[in-house]
Amino acid sequence: MTTMELMGIHITDEIHTVRFASKFGNLSLLNNTQSPTLQTDKTPRDQLRERLSGLKPSRMRSICLVIPRRWVFLREIYFPNLSPQEAESALRLGVDAHSHLSRDEIYFDCFAREQKDGSEAVLFYIPRTAIDPYIEIIKETGHLKSLKYILTQDMALDTAIRSYPATVTLPAASVSSITEKDRGYLLVTLHGKEGWEGSHLLNMEPVPSNERVASAIKQLAERLETPWRDFVEAAELSIGLKHDALPGAAPILHRIPAIKDAVDRGLDPFAVFGALAMRSYVQMSLYGKRKRPIRLRIQNFYLITGCTILACLLATGFLGISYIKETQKLNDIQKNITALDKRATPLREVAKKAENIERSVKILCDFIEERPTMEAVLSELAALTPDDSWIKNLDISGDKIRITAEGKSALDTMASWRTGKNFTNIQQVSPVTKDANGVEFFTVELTITPKKEGNK
Amino acid sequence: MTSKPIIKYGIIIIGVILWYVVVWSGLNDLISQNVTEQEKLSIKLQNLHKEIQKLTDADKRLKRAEDEFEALKARLMQGENSQVVGNLLQDQLFKFCSDNKIEVLSYKTERPGKWHDKETPTVNFTLKTQLPELLKLISYIENRQLHLWRIRQLYIVSMRGNDPHLRVTLGVETIFWP
């Protein structure tokens with residue numbers, strides 16, 4: 001990754017520059033960042049030209065111009081029933097109505113913050129005549145493409161400290177002492193949780209003294225509302241009312257090593273703030289396009305909507321994958337079934353054919369084996385008929401046998417036949433008669449036991 | 001104009017509910033159906049495996065059945081119809097009786113009966129014979145190795161007197177297999 005160069009230029013009655021090299025978010029001061037000896041004989045424009053001419057234009061360089069807060073006009077306009085975005089758009093459209101100069105004669109920027117039942121929009125503007133000479137010099141020296149922002153001192157300070165959220169606890173207030181040739185003033189900046197909340201210039205002409213600083217801050221604190229009153233009073237305490245110790249928001253900058261290091265080397269704090277401001281989102285710039293970080297561009301509603309949609313899509317995706325897997329499994333099983341079915345079809349036909357033939361075989365076998373053979377029936381009958389009995393008539397039809405016989409005892413004969421395994425249901429079908437010799441005549445019906453039953 | 005948060009978030013909640021009802025539940029139902037269908041098809045697959053295992057010896061079974069059937073069929077009398085088969089049966093019995101000194105008093109080819117939808121040609125004989133010959137005849141008729149005949153009716157009257165003999169009415173049937 002290439003090294004970026006961050007350059008802050010603070011314009012007052014003289015020019016101060018600071019250059020940082022930034023690589024992977026790590027800052028290091030460049031060698032030529034020492035403030036030159038005060039050249040009181042040259043105008044700030046000449047000083048700037050001289051300073052920039054010594055630098056080779058580079059696309060890797062970003063320049064932030066920090067201008068005095070007192071150069072800038074500020075308007076606060078309240079828009080009822082409008083969201084901050086709508087209020088900002090409305091102000092941009094009607095900027096002519098809120099500035100004392102026409103749109104073409106000024107550089108301006110604005111932002112809005114939410115208020116109760118509406119929004120408060122803040123308009124910053126500066127006459128082009130105040131800035132254009134400096135921009136022209138930057139253009140002449142070939143650095144125009146590097147010029148990213150033009151910030152006021154308080155805005156540069158506010159933006160710089162916001163790039164160290166872990167070090168600086170917000171909200172906070174800072175007090176900066178700014179001394180020019182023949183005058184001095186205090187810049188009290190209110191750093192809100194969400195953004196710059198305002199700044200107050202306290203005139204200290206000709207130069208601040210301890211007593212005047214104390215008195216001015218006390219008066220300001222009395223005019224402010226809570227919590228800003230407490231913060232400003234705390235700032236007053238922290239600076240110890242010693243204006244020499246106020247090179248620019250001293251208590252805050254001493255907590256940030258990069259700033260402290262630069263200021264300890266005698267560099268101009270606002271030039272340092274200007275360089276560092278380019279690492280964070282700039283709330284207001286009179287030049288260049290401010291790039292709002294994505295996290296600030298996203299509203300809660302959009303974030304929640306996005307997250308919800310993402311969650312739904314993810315859940316649907318996982319479920320969809322699960323569904324596809326299950327469907328694949330189902331298809332595999334179906335394919336297997338189709339393949340097996342295809343394999344089984346000819347086997348089934350063969351089995352069916354075999355079954356039909358087996359059925360035919362069974363029919364033929366049953367035909368001859370339904371009943372015991374006649375030979376077996378007659379043999380058993382002959383064997384079981386007592387010697388003193390005589391069968392006169394035998395009629396076998398189907399499974400019925402009708403026998404007309406004579407003998408010594410009809411009952412004994414029938415009892416003997418009952419023992420036969422091929423006969424069941426033996427019963428007389430006519431009365432037994434007896435002749436003079438005691439021979440009994442009788443007719444009996446027997447049922448032939450079906451072969452299978454007989455075999456049991 | 002600023003929309004009320006309750007409306008905006010309400011729309012999200014309604015969207016989520018709609019998504020849940022239409023997409024999530026729908027997909028879940030589809031997956032459940034898929035799983036149920038898979039279970040059914042798995043059982044079907046197992047049954048198919050078992051069936052195929054059973055059917056692997058279908059060829060052998062068919063061969064065995066065909067052999068058995070052919071062997072049985074060879075013992076059947078072949079003819080154009082049951083009437084012809086009846087006549088053939090009658091001829092064979094008549095021949096046996098002649099060869100074995102069994103006197104045939106009368107004979108008749110009956111109307112064929114039925115056995116499992118198959119016609120059974122039947123012949124009736126009235127015979128005059130002695131017991132050994134009768135037993136020989138019955139043994140011949142019921143010889144399963146030779147033919148598939150069976151005795152449908154047997155009526156024996158023992159005649160005494162000067163010429164003791166048996167008067168037999170015999171009904172024999174076979175099966176006609178076209």
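Which helix of chain B does Y20(B) lie in? In this predicted model, Y20(B) sits in helix α1 of chain B, the run from residue 5 to 55. Its side of the story is a halfway one: Y20(B) counts as partly exposed, because its relative accessible area is 46%, which falls between the 20% and 50% cut-offs. Y20(B) also belongs to a nonpolar surface patch, together with I13(B), I14(B), I17(B), L18(B), V21(B) and V22(B). Taken together, these residues offer about 700 Å² of accessible area.

Turning to chain A, the secondary structure adds up to 15 helices and 16 strands. Of the 456 residues in chain A, 47% are buried. Among contacts in chain A with a separation of 6 or more, 62% link residues 24 or more positions apart. Chain A exposes about 23,400 Å², with carbon and sulfur atoms supplying 53% of that area.

One piece of chain A worth a look is an open, antiparallel sheet of three strands, ordered β9-β10-β11. Strands β9 (172-179) and β11 (196-203) of chain A stand at the edges with a single partner strand each, so one side of each has no neighbour in the sheet. On average, neighbouring strands here are turned by 20 degrees against each other, direction ignored. Strand β10 of chain A (residues 184-191) pairs with β11(A) through seven bridges, in the antiparallel sense; T189(A) has S199(A) in β11(A) as its bridge partner.

Two helices lie across β9, β10 and β11 of chain A. Helix α5 of chain A (residues 153-162) runs at about 40 degrees to β10(A), while helix α6 of chain A (residues 210-223) runs at about 140 degrees to β11(A).

Methods
Residues are numbered from 1 along each chain as its sequence is written. Chains are lettered from A and ligands numbered from 1 in the order in which they are written. This is a predicted model: local features need pLDDT of at least 70, side-chain atom pairs count only at pLDDT 80 or more; totals for chains, interfaces and linings use all residues. Side-chain values use heavy atoms; hydrogens and water are left out. Patches are made of residues with over 30% relative accessible area and no salt bridge: like charges are joined within 9 Å, nonpolar side chains (Val, Leu, Ile, Met, Phe, Trp, Tyr) within 5 Å. Accessible areas come from the Shrake-Rupley method with a 1.4 Å probe; for residues, only the protein chains shown count as cover. A salt bridge is a side-chain nitrogen of Lys or Arg within 4 Å of a carboxyl oxygen of Asp or Glu. Helices (H or I, at least four residues) and strands (E, at least two) are DSSP runs, numbered from the N terminus. Buried means under 20% relative accessible area, exposed over 50%, partly exposed in between (1.4 Å probe, protein chains only). Contact means heavy atoms within 4.5 Å. Two strands pair if DSSP finds at least two bridges between them. Axes are lines fitted to C-alpha atoms, for helices over the stretch in contact, and angles run from 0 to 180 degrees between N-to-C directions.
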